[in-house]
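I opened my notebook to look up a few side-chain pairs and strands. Come along and check each entry with me.

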Amino acid sequence: DMKRELRRGNGTDISEKQHEELEENISRGEQSILFINRRGANKLISCGECGYTYKCPRCSVSLTYHSANRRLMCHYCGHSEPLPGRCPECGGHLKQIGFGTQKVQEQLEQLLPGVGVLRMDADTVSAVNTHEKLLARFDKEHIPVLLGTQMVAKGLNFENVTLVGVLDADMSLYIGSYRAAENTFGMITQVIGRAGRGKAAGRALIQTVTPKNRVIELAARQDYDTFYEEELPLRRLRGCPPFFDLLTVTFYGRVEEQVWQAAQRFRAALEAQLRAPCYREQRVELLGPAPAQVARVNYNYRCRLTLSCRNTRELRLLLSHLMREFAKDKYNRGVGVFTDVNSNE
């Protein structure tokens, strides 16, 4: 429970128990894998005086701080800028909020001086330094700790790995996707399955601020059947797969007002078509248009219209027809449109 760690005065991202387990593994000559699904040093940089945060000028997201090159970076469009020494608004001191693989590596090097830590994420893997080479180093050189993102969650089979630590189990629970619980459960169960692949028994330690969360409890127990039984009624209630499909129509363009007006016109045209006798027997629930999870990416504003329905041939043909008509309409000039089926975003 990371809330309890804070109350005890532990301000790092490595719990006391995690630290003890790592030291125990090192003393026995065994290896450990630590998983956190966020690269960079900190999620965002904020001013301690006025609360100013650095936003990407092209996207509606905060910039992530990378300590290796002391730059703020956007993980959507690639924008990068140097970290200034003071707040540009009031000149106040800047503070770091959240954590990623770079920050965790720095903390591990302080907690475990002289112990080898191999980091594996999009910043360390390259055409020369491939993930196969990094994993070969971890295996052949018996590096005590492998720290990484999703790259370390699947398919690894190292007999000497007996400890897996999940550092932020809550991270993917609260995103705007109907698959949030499923993805979190799957990620945790996959990564803790990397421990104990050889003769020695494996163990896993999950760090969370919501230890009573049902998804995390079931993932810790690797209880697939109960998770399935509890998740299924929620999917039915929300009109999500496997009971219904989600067809997401996304509109994007440089002028926000034009994007919203185009989306409203598309919805009106769709509603008019759905009133035809041939569609009356099909259950179609329209939601939106509403802002996308990230409302602006690389200067393009985005909003979405979601259909909860059966993915039938008739509906696909209807959407295809409306999208072609949409592209011909002069009032939609500068606005693009595309459709996803059961998108994970």
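The entries below go topic by topic, from rings to charges to strands.

**Entry: before I start**

I remind myself that this is a predicted model.

**Entry: aromatic pairs**

How many aromatic pairs does the structure hold? I found eight aromatic pairs. I describe a pair of aromatic rings by the distance of the centres and the angle of the planes.

I began with Tyr-52 and Tyr-54, whose rings are 5.1 Å apart, centre to centre, with 85 degrees between the planes. That pair is edge-to-face. I then looked up how accessible the two residues are. Tyr-52 is partly exposed, with a relative accessible area of 26%. Tyr-54 has 6% relative accessibility, so I wrote it down as buried.

Next came Phe-251 and Phe-266. Why is this pair edge-to-face? The planes of Phe-251 and Phe-266 stand at 65 degrees, with the ring centres 5.3 Å apart, so the pair gets that label; the cut-off for edge-to-face is over 60 degrees. I traced where the two rings come from: Phe-251 is in strand β11 (residues 245-253) and Phe-266 is in helix α8 (residues 256-274). The two are 15 residues apart, and the pair links distant parts of the chain. Are Phe-251 and Phe-266 buried or exposed? Both are buried.

I also noted a cluster: Phe-185, Tyr-224 and Phe-227 are linked by ring pairs.

**Entry: charges over a ring**

Which residue lies over the face of Phe-244, at 3.9 Å from the ring centre? My answer is Arg-283. Arg-310 also belongs in this entry, since its charged end sits over the ring of Phe-244, 5.3 Å from the centre.

I followed Arg-283 a little further. Its side chain meets that of Glu-285 in a salt bridge, with 3.3 Å from N to O. Arg-283 is partly exposed at 37% relative accessibility, and Glu-285 is partly exposed at 37%.

**Entry: salt bridges**

I counted 15 salt bridges in the model. One of them joins Arg-235 and Glu-182, where the closest N and O atoms are 2.7 Å apart. I looked up the elements: Arg-235 is in helix α7 (residues 224-238) and Glu-182 is in helix α5 (residues 180-192), so this salt bridge ties together parts that are 53 residues apart in sequence.

Is Arg-235 buried or exposed? Arg-235 has 9% relative accessibility, so I marked it as buried; the cut-off is under 20%. Glu-182 is partly exposed, with a relative accessible area of 35%.

What does Arg-235 touch, leaving out residues up to four places away in sequence? My list for Arg-235 reads Tyr-178, Arg-179, Glu-182, Cys-240, Pro-241, Pro-242 and Phe-243. Glu-182, its salt-bridge partner, is on that list too.

Another salt bridge is the one between the side chains of Arg-221 and Asp-223, at 3.3 Å from N to O. Here Arg-221 is partly exposed, with a relative accessible area of 48%. Asp-223 comes to 19% relative accessibility, so I filed it as buried.

**Entry: the open sheet**

I turned to an open sheet of three strands, whose order is β3-β4-β5 with antiparallel pairing. Which strands are at the edges? I found β3 (64-66) and β5 (80-82), each of which pairs on one side only. On average, neighbouring strands in this sheet are turned by 30 degrees against each other, direction ignored.

I zoomed in on β4 (residues 71-73) and β5, which run antiparallel and are joined by three bridges. Leu-72 has Glu-81 of β5 standing opposite.

**Entry: strands β7 and β8**

My last stop was strand β7 (residues 117-120). Which way do its side chains point? Val-117 and Arg-119 point one way, Leu-118 and Met-120 point the other way, and all are buried.

I then looked up the pairing. β7 pairs with strand β8 (residues 145-148) in the parallel sense, over four bridges. For Arg-119, the bridge partner in β8 is Leu-147.

Technical notes
Residues numbered from 1 in each chain as written. Predicted model: local features only at pLDDT ≥ 70, side-chain atom pairs only at ≥ 80, totals over all residues. Heavy atoms only, no water. Phe/Tyr/Trp six-rings, centres within 6.5 Å; stacked < 30°, edge-to-face > 60°. Buried < 20%, exposed > 50% of the residue type's maximum accessible area, 1.4 Å probe, protein only. Lys NZ or Arg CZ within 6 Å of the ring centre and 35° of its normal. Pairing = 2+ DSSP bridges. Axes fitted to C-alpha atoms, helices over the stretch in contact; angles between N-to-C directions. Salt bridge = Lys/Arg side-chain N within 4 Å of Asp/Glu carboxyl O. Contact = heavy atoms within 4.5 Å.
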